[in-house]
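Please look through the structure below with an eye to how the protein meets the nucleic acid, and then to how its helices pack. The paragraphs that follow take these topics in turn.

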Protein chains: 2
Amino acid sequence: MIIKIGELAKISGCSVQSIRHYEKEQLLSAKIRSDGNFRLYDQADIERLLFIKYCRSLDLSLAEIRQLLSLNDSPMSQCDDVNQMIEQHIEQVERRIAELTLLNKQLKALRGSCTSKRTVEHCGILKQLNKAVSQNN
Amino acid sequence: MIIKIGELAKISGCSVQSIRHYEKEQLLSAKIRSDGNFRLYDQADIERLLFIKYCRSLDLSLAEIRQLLSLNDSPMSQCDDVNQMIEQHIEQVERRIAELTLLNKQLKALRGSCTSKRTVEHCGILKQLNKAVSQNN
DNA sequence: ATTGACTCTATAGTTACTATAGACTTTAAA
DNA sequence: TTTAAAGTCTATAGTAACTATAGAGTCAAT
């Protein structure tokens with residue numbers, strides 16, 4: 001079964017532009033083109049794109065996915081590389097979670113500090129922000 | 001006390017380019033320039049920049065900060081606007097935390113699935129990824 | 001007067017796309 | 001068979017919040 005880019009977009013749930021973008025980034029290429037220069041894809045391409053999409057849903061960068069795909073393409077390479085990448089990615093995600101959790105606390109502390117219907121002159125949030133600034137200074 | 005941009009960068013911990021960027025984005029402007037066209041800042045500018053920096057550390061966007069600053073500058077406006085913005089921001093942060101937490105779980109499940117020293121041919125991580133893809137399909 | 005440090009503007013690069021313009025191709029109906 | 005709509009092509013610009021660079025001008029000290 002051979003399909004064009006619009007069909008592939010529908011099947012995969014990716015946008016047409018994304019697919020062209022992945023091609024530019026060397027993650028996925030239409031090996032053949034139609035007479036009119038339209039990209040043509042087969043089943044293997046569909047699977048490759050779904051793989052890419054799944055990895056993106058894990059927040060892996062295109063560079064990381066490119067690496068995974070090339071490991072996948074050359075079966076003699078070592079697992080260690082894959083492991084190490086995933087490990088680093090986990091650390092990065094955990095750092096980000098910690099940051100956001102702290103952030104959330106601070107924002108919630110702010111939220112309580114301003115009662116409605118007052119003018120900003122006495123706005124608790126702005127007061128708190130300004131206070132935080134002068135303390136950090 | 002009047003200082004130039006390099007000094008302001010040192011005091012605030014922002015880069016020189018960031019400060020110029022904030023000016024382009026209308027968050028902070030050097031009201032005066034030297035004869036040689038150098039930006040000159042005073043104490044109020046330092047405080048304004050520290051305010052910006054603190055808000056950035058809360059992950060507020062430059063657009064949101066611009067809004068806060070303009071509320072701060074016009075004391076007759078309503079607190080409600082500030083409250084609403086912070087509220088939305090909290091929601092956004094919480095959504096992101098939830099996403100990342102799920103992500104983290106999935107990554108950790110992956111991590112265990114590949115033992116070292118094997119070739120990628122039998123790499124558990126890649127196997128799992130490919131499996132996930134075919135299931136979602 | 002000259003050197004080195006600093007500053008200026010303007011531009012390109014980062015990431016993973018989205019959106020647009022203008023031209024060409026394909027498919028379906030009239 | 002013509003024509004119109006829908007799809008596709010490339011290339012370019014925009015998004016966010018910067019960072020990095022080039023090339024030119026300014027300032028302070030020697």
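In this predicted model, a polar atom in the side chain of Ser18(B) is placed 2.8 Å from a phosphate oxygen of DNA strand D. Ser15(B) makes a similar approach, with a polar side-chain atom lying 2.7 Å from a phosphate oxygen of DNA strand D, and from chain A the side chain of Arg33(A) brings a polar atom to 3.2 Å from a phosphate oxygen of that strand. The two serines reappear when the surroundings are taken as a whole, since 19 residues lie around DNA strand D and those that come nearest are Gly6(A), Arg20(A), Arg39(A), Ser15(B) and Ser18(B).

Which parts of DNA strand D lie within 4 Å of the protein, sugar and phosphate or bases? Of the strand atoms within that distance, 82% belong to sugar or phosphate, and the rest belong to bases. On the protein side, helix H1 (5-12) of chain A and helix H2 (16-24) of chain B each contribute at least two residues to the surface near DNA strand D, and H2(B) gives the most, with 4 residues. Sorted by class, the residues of this surface comprise 5 nonpolar, 9 polar and 5 charged.

We can now turn to the other strand. Around DNA strand C there are 20 residues, of which Ser15(A), Arg56(A), Gly6(B), Arg20(B) and Arg39(B) come nearest. For Arg20(B), an N or O atom of the side chain is 2.6 Å from a phosphate oxygen of DNA strand C, while for Arg56(A) the corresponding distance from a side-chain N or O atom to a phosphate oxygen of the strand is 2.8 Å. Ser18(A) also takes part, with a polar side-chain atom 2.8 Å from a phosphate oxygen of DNA strand C.

Among the atoms of DNA strand C within 4 Å of the protein, sugar or phosphate accounts for 86%, and bases make up the rest. Here helix H2 (16-24) of chain A and helix H1 (5-12) of chain B each supply at least two residues of the nearby surface, with the largest share, 4 residues, coming from H2(A). The surface near DNA strand C has 5 nonpolar, 9 polar and 6 charged residues.

The helix H1 of chain B that borders DNA strand C also packs within its own chain, where H1(B) and helix H3 (residues 43-57) of chain B have axes 10 Å apart and meet at an angle of about 50°. At that angle, H1(B) and H3(B) are therefore oblique to each other, and their crossing is right-handed. From H1(B), the residues Leu8(B), Ile11(B) and Ser12(B) meet Ile46(B), Leu49(B), Leu50(B) and Lys53(B) of H3(B), a contact whose residues divide into 5 nonpolar, 1 polar and 1 charged.

A further helix pair is found in chain A, where the axes of helix H4 (residues 62-73) and helix H5 (residues 79-111) come within 11 Å and cross at roughly 160°. Because angles over 145 degrees count as roughly antiparallel, this description applies to H4(A) and H5(A), and the crossing of the two is left-handed. The contact is formed by Glu64(A), Gln67(A), Leu68(A) and Leu71(A) on H4(A), together with Asp81(A), Val82(A), Met85(A) and His89(A) on H5(A). By class, the residues of this contact are 4 nonpolar, 2 polar and 2 charged.

Technical notes: Residues numbered from 1 in each chain as written. Chains lettered and ligands numbered in written order. Predicted model: local features only at pLDDT ≥ 70, side-chain atom pairs only at ≥ 80, totals over all residues. Heavy atoms only, no water. Near = heavy atom within 4 Å. Polar contact = N/O pair within 3.5 Å; in protein donor to acceptor, adjacent residues only side chain to side chain. Nonpolar A, V, L, I, M, F, W, Y, C, P; charged D, E, K, R; others polar. Axes fitted to C-alpha atoms, helices over the stretch in contact; angles between N-to-C directions. Parallel < 35°, antiparallel > 145°, perpendicular 65-115°, else oblique. Left-handed = near helix turned anticlockwise from the far one by under 90°. Contact = heavy atoms within 4.5 Å.
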